[in-house]
Structures are given as structure tokens and as C-alpha cells.
Amino acid sequence: MAEETTGTLEDLKQLITPDAVEAETEAAPAEPKIDAQGRAYATGKRKNAIARVWLKPGAGRVTVNGREFESYFARPVLRMIINQPFEAAQRKNQYDVMCTVVGGGLSGQAGAVRHGISRALLNYEPDLRPVLKQGGFLTRDARVVERKKYGRAKARRSFQFSKR
């Protein structure tokens, strides 16, 4: 059997050097995650839509599935949703965005692109985390459509009842 040694807390405190304690309390700043082409990558999700987003410094062009986002997202509300992270971080027209989106409808796709842009911005500039977090842009909205049940017209709606 191994011999057990007992000691006091003072003995343990002497083992820890002051430099180790100082380094532990001071958190290291987050490093940007940028690829060889100078882009930050992130994935955004909303409902059934998945967006792959690449972000790089530029004039503010947004390309979705090879098309300008004004033609892809024709409704102004969807364009506003996509620009929200840039406005919150005060980085309007400073980054070019290239993204591919699959699945879901236009509303879900716009939400997925917004989520992806927010995460890519965070990868490019980690200091923006408090601003994006406070705006709720980093949270994945987990709400999805409830599935249809058997014996029902839809997820919860019953078939019409008639006594006859």
C-alpha cells in the first residue's frame, strides 16, 4: 500500500506560485478564427434552414446562393433581419458576406443567415461578443414545426366532428 501523507491547507498554498494564480485569474483574449483567404466562417440555423456564411472585409456586398441578397430576399423585412447584426455592432458596409442557404422557407433562411453572420462576426472580431449577445443574435432559435400526429388533421387539430 502507498503511504499517505497528510498536510494542511497552508502546505498546499505554498505549492501554488503567485504567477500561476495571476495567470489563472486573468482570462486570455479570444483569438480571431480566420482562414488563409482572410475569411471567417460560421454556420447559422433557424427552423429547417441551414446557412453557411463566409465573412471578409469589404464594401458591404451580401451574396446568397450566388445572387445579390436584394433579389434573393425581396421583402424588406427579411433584408432588415439580415442587416441587424451589422447595425448592432456598428459595422455596416464594412464586410462582404458570401453564404449558401438550404432548407426551409425564406423567413427561416433569413434567420439562418442572420445567425451565421453573427457567429462569423464573432469569429472575426471576438470583442463584439457582448454586443451580439445582448442583441440575442448568438442564440439559436430552437423552435421548429411540430409534427403531424396520426388520427389528427394537423399537429393538434382534430377532424371535424358531426353526430350524423
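Is Asn-123 buried or exposed? In this predicted model, Asn-123 has a relative accessible area of 17% and is buried, because buried means under 20% relative accessible area. Asn-123 belongs to helix H5, which covers residues 106-124. Leaving aside neighbours within four places in sequence, the contacts of Asn-123 are Pro-32, Lys-33, Ala-40, Tyr-41 and Ala-42.

**Overall architecture**

The protein chain contains six helices and five strands. Read from the N terminus on, the order of its elements is α-α-β-β-β-β-α-α-β-α-α. The chain has 164 residues, and 30% of them count as buried. Among contacts with a separation of 6 or more, 67% join residues 24 or more positions apart.

**The nonpolar core**

In soluble globular proteins, nonpolar side chains tend to be buried together. Here the largest nonpolar core comprises 32 residues. The residues with the most contacts inside this core are Leu-55, Val-64, Phe-73, Val-113, Ile-117 and Leu-121. Two or more core residues come from each of strand E1 (40-46), strand E2 (49-57), strand E3 (62-64), helix H3 (69-72), helix H4 (76-88), strand E5 (95-102) and H5. With eight residues, H5 gives the most to this core.

Val-113 can serve as an example of the contacts made in this region. Not counting residues up to four places away in sequence, Val-113 touches Ala-51, Val-53, Phe-73, Ile-82, Cys-99 and Val-101.

**Helix H5 against helix H4**

Two packed helices are described by the angle between their axes and the distance between the axes. The axes of H4 and H5 cross at roughly 10° and come within 8 Å. H4 and H5 are therefore roughly parallel to each other, since angles under 35 degrees count as roughly parallel.

On the H4 side, the residues that meet H5 are Leu-78, Ile-81, Ile-82, Gln-84, Pro-85 and Phe-86. On the H5 side, the residues are Leu-106, Ser-107, Ala-110, Gly-111, Val-113, Arg-114, Ile-117, Ser-118 and Leu-121. By type, the residues of this contact divide into ten nonpolar, four polar and one charged.

**Two further positions in H5**

Ser-107 lies in helix H5. Ser-107 counts as partly exposed, with a relative accessibility of 39%. Ser-107 and Ala-49 are 58 residues apart in sequence, and their C-alpha atoms are 9.1 Å apart in space.

Arg-119 is also placed in helix H5. Its relative accessible area is 38%, so Arg-119 is partly exposed. Leaving out residues up to four places away in sequence, Arg-119 touches Ala-42, Thr-43 and Leu-138. Along the chain, Arg-119 and Ala-42 are 77 residues apart, while 5.7 Å separates their C-alpha atoms. Ala-42 is also among the contacts of Asn-123.

**Salt bridges**

How many salt bridges does a search of the whole structure find? The search finds eight. The table gives three of them, with the N to O distance and the relative accessibility of each partner.

| Salt bridge | N to O distance | Accessibility of residue named first | Accessibility of residue named second |
|---|---|---|---|
| Lys-92 and Glu-87 | 3.9 Å | Lys-92: 40%, partly exposed | Glu-87: 43%, partly exposed |
| Asp-141 and Arg-143 | 2.8 Å | Asp-141: 23%, partly exposed | Arg-143: 58%, exposed |
| Lys-149 and Glu-146 | 2.6 Å | Lys-149: 25%, partly exposed | Glu-146: 39%, partly exposed |

Arg-143 counts as exposed because its relative accessibility is 58%, and exposed means over 50%. Its partner Asp-141, at 23%, counts as partly exposed. The pair of Asp-141 and Arg-143 is part of a network of salt bridges that also includes Arg-46. Strand E1 spans residues 40-46, and Arg-46 is linked in this network with Asp-141 and Arg-143.

**Helix H5 in summary**

Which element gives the most residues to the largest nonpolar core? That element is H5, with eight residues. The helix holds residues that differ in exposure: Asn-123 is buried at 17%, whereas Ser-107 is partly exposed at 39% and Arg-119 is partly exposed at 38%. Val-113 of H5 takes part in the contact with H4 and is listed with the residues that have the most contacts inside the core.

Key
Residues are numbered from 1 along each chain as its sequence is written. This is a predicted model: local features need pLDDT of at least 70, side-chain atom pairs count only at pLDDT 80 or more; totals for chains, interfaces and linings use all residues. Side-chain values use heavy atoms; hydrogens and water are left out. Helices (H or I, at least four residues) and strands (E, at least two) are DSSP runs, numbered from the N terminus. Buried means under 20% relative accessible area, exposed over 50%, partly exposed in between (1.4 Å probe, protein chains only). Contact means heavy atoms within 4.5 Å. A nonpolar core is a set of buried Ala, Val, Leu, Ile, Met, Phe, Trp, Tyr and Cys residues joined through side-chain atoms within 4.5 Å. Axes are lines fitted to C-alpha atoms, for helices over the stretch in contact, and angles run from 0 to 180 degrees between N-to-C directions. Angles under 35 degrees count as roughly parallel, over 145 as roughly antiparallel, 65 to 115 as roughly perpendicular and the rest as oblique. Ala, Val, Leu, Ile, Met, Phe, Trp, Tyr, Cys and Pro count as nonpolar, Asp, Glu, Lys and Arg as charged, and the others, Gly among them, as polar. A salt bridge is a side-chain nitrogen of Lys or Arg within 4 Å of a carboxyl oxygen of Asp or Glu.
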